[in-house]
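Here is a quick tour of what sits inside this fold and what holds hands with what. Have the viewer open and follow along.

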Amino acid sequence: PVLGALEDDPDTESISFLTHSMGGILARYTLQQKRFDKIHRMVMLAPPNGGSRLAGISLGPLTRVLPAIAQLSEAPDSLPNRLLEPGDIEIGIIAASSDFIVRLANTALPNQRDHCVIESNHFELPRHAEAIRKAIQFLQCGRFEPIPTFRRIAA
């Protein structure tokens, strides 16, 4: 409802997403269900785009309480691996170097605009100062690092 209201609001020019972990999968799922013309950029922190190794660990009785984890497996037919990539959205992905939950290779998407790795773990990444700085940079400019500008020096 909120996303639809923003899409319909004439005062809203563009919408950007900043997601963490499974939130990125939920955003991709939402974007597959309906087209939103105002969504411009998305930064995904430690997204299990290729699944999560956590889904491969036996959760025993917690499986009934946490059924969504089973859908995040690294199997080719898992939910993250079946989702289409968002089309006209600039995607930046920030991965954690010491992530037990999501393998570095499983964070990437073929159509990502930028990708970087921060010295962090899965749970600290959303509060990591460098990740926050890079996320803001991407949301503003579409890159994690500013593109250098050169001035011509008169001879």
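## Two nonpolar cores

In this predicted model, the largest nonpolar core counts 13 residues, and F17, L31, I39, M42 and I91 have the most contacts inside it. Four elements put in at least two residues each: β1 (15–20), α2 (22–33), β2 (39–45) and β3 (90–98). The top contributor is β2, with three residues.

Zoom in on M42 and you'll find plenty of company. Leaving out residues up to four places away in sequence, M42 touches F17, T19, A27, R28, L31, P86, I89, E90, I91, G92 and F138. There is also a second core, separate from the one above, with 12 residues, including V43, L45, A96 and A135.

## Strand β1 and its partner

Side chains along β1 take turns. I15, F17 and T19 are buried and point to one face, while S16, L18 and H20 point to the other face and are not buried. That fits the general picture, in which side chains of a regular strand alternate between the two faces of the sheet.

β1 and β2 run parallel, joined by six bridges. If you want one to look at, pick T19, whose bridge partner in β2 is M44. Getting from β1 to β2, the chain passes through α2, and this β-α-β crossover is right-handed.

## One aromatic pair

How many aromatic pairs does a search of the whole structure find? Just one. The pair is F138 with F144: the ring centres are 5.2 Å apart and the planes meet at 40°, so the pair counts as tilted. That angle is too wide for stacked, which needs planes under 30 degrees apart, and falls short of edge-to-face, which needs over 60. Both F138 and F144 are buried.

## Q137 in helix α6

Q137 sits in helix α6, which covers residues 129–141. Is Q137 buried or exposed? It's buried: the relative accessible area of Q137 is 12%, and the cut-off for buried is under 20%. Setting aside neighbours within four places in sequence, Q137 is in contact with G142, R143, F144, E145 and P146. One of those, F144, is also a member of the aromatic pair.

## Cysteines

Looking for disulfides? The structure holds zero. As for individual cysteines, C116 is buried because its relative accessible area is 12%, under the 20% limit. C141 has a relative accessibility of 43%, so C141 counts as partly exposed.

Technical notes. Residues are numbered from 1 along each chain as its sequence is written. This is a predicted model: local features need pLDDT of at least 70, side-chain atom pairs count only at pLDDT 80 or more; totals for chains, interfaces and linings use all residues. Side-chain values use heavy atoms; hydrogens and water are left out. Buried means under 20% relative accessible area, exposed over 50%, partly exposed in between (1.4 Å probe, protein chains only). Contact means heavy atoms within 4.5 Å. A nonpolar core is a set of buried Ala, Val, Leu, Ile, Met, Phe, Trp, Tyr and Cys residues joined through side-chain atoms within 4.5 Å. Rings of Phe, Tyr and Trp (its six-membered ring) pair if their centres lie within 6.5 Å; planes under 30 degrees apart count as stacked, over 60 as edge-to-face and the rest as tilted. Two strands pair if DSSP finds at least two bridges between them. A crossover is right-handed if, with the strands pointing away from the viewer, the path from the first strand over the helix to the second runs clockwise. A disulfide is a pair of cysteine sulfur atoms within 2.5 Å.
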